[in-house]
Amino acid sequence: RQPHEMAALGLSRTFQNINLFAEQTVLSNILIGSHRLIGNPFANLFWLPGARKREGELVARAVEIATMLGLADELDIAVKNLAYGSQKRVELARALASRPQIILLDEPVAGCNDEDVAGLHIAMYDAPGKKRPEEQGQALQKETPLAAPHFLVPAVQKPVELFSGAP
């Protein structure tokens, strides 16, 4: 199937190698993930009231996702100027912007340092308001399921390991 068909079925993914628009801002990169939700191209072409309202909703959702992933202060920064771990979070935010039912993550922490791994772990595993693992006296380690190569993730729920190891 074509990527747009997969997105229409509620499937989104991230890549092992970061695949972002480096010259664009964080907000623009996140909004790209919601392109299939824009609606009527005619209304958008002529910037009709319905199109303006829909864009406002998509921007608000993008800001909400960015906040959830700790990117709220970086929305106007070009992605090329972000640290590697932040770029990984932008890619995850873009995948979430498509409102998927399932997200496939390909080595989500490949190349990340321990701090980036911890940040992604907290964003993906912890429900809002839940104590972070380090607040509960638990250490985060790269051996958590996030270090596994491939995931099938029900969107914004606990990740489930689909496959680990060599293909």
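Begin by selecting helices α4 and α5, where α4 passes α5 in a right-handed crossing (the near helix is turned clockwise from the far one by less than a right angle). This is a predicted model, in which local features need pLDDT of at least 70 and side-chain atom pairs count only at pLDDT 80 or more, while totals for chains, interfaces and linings use all residues. Residues are numbered from 1 along each chain as its sequence is written, and side-chain values use heavy atoms, with hydrogens and water left out.

Helix α4 covers residues 49–68 and helix α5 residues 84–97, and they pack at an angle of about 140 degrees with their axes 10 Å apart. The two helices are therefore oblique to each other (neither under 35, nor over 145, nor 65 to 115 degrees). Now show the side chains of Arg61, Ile65 and Met68 in α4, which meet Ala93, Leu96 and Ala97 in α5 (contact means heavy atoms within 4.5 Å). The residues of this contact divide into five nonpolar, no polar and one charged.

Next, select Ser12 in strand β1, residues 11–13. Ser12 has a relative accessible area of 12% and is therefore buried (under 20%, with a 1.4 Å probe and protein chains only). A polar atom of the Ser12 side chain lies 3.2 Å from the backbone oxygen of Ala95. Beyond residues up to four places away in sequence, Ser12 touches Ala95, Ser98, Pro100, Ile102, Ile103 and Leu104.

Finally, move to Ala43 in helix α3, residues 41–45, which counts as buried at 12% relative accessibility. Apart from its neighbours within four places in sequence, Ala43 is in contact with Leu48 and Ala51.

Note on methods
Helix = DSSP H or I, 4+ residues; strand = E, 2+ residues; numbered from the N terminus. Buried < 20%, exposed > 50% of the residue type's maximum accessible area, 1.4 Å probe, protein only. Axes fitted to C-alpha atoms, helices over the stretch in contact; angles between N-to-C directions. Nonpolar A, V, L, I, M, F, W, Y, C, P; charged D, E, K, R; others polar. Polar contact = N/O pair within 3.5 Å; in protein donor to acceptor, adjacent residues only side chain to side chain.
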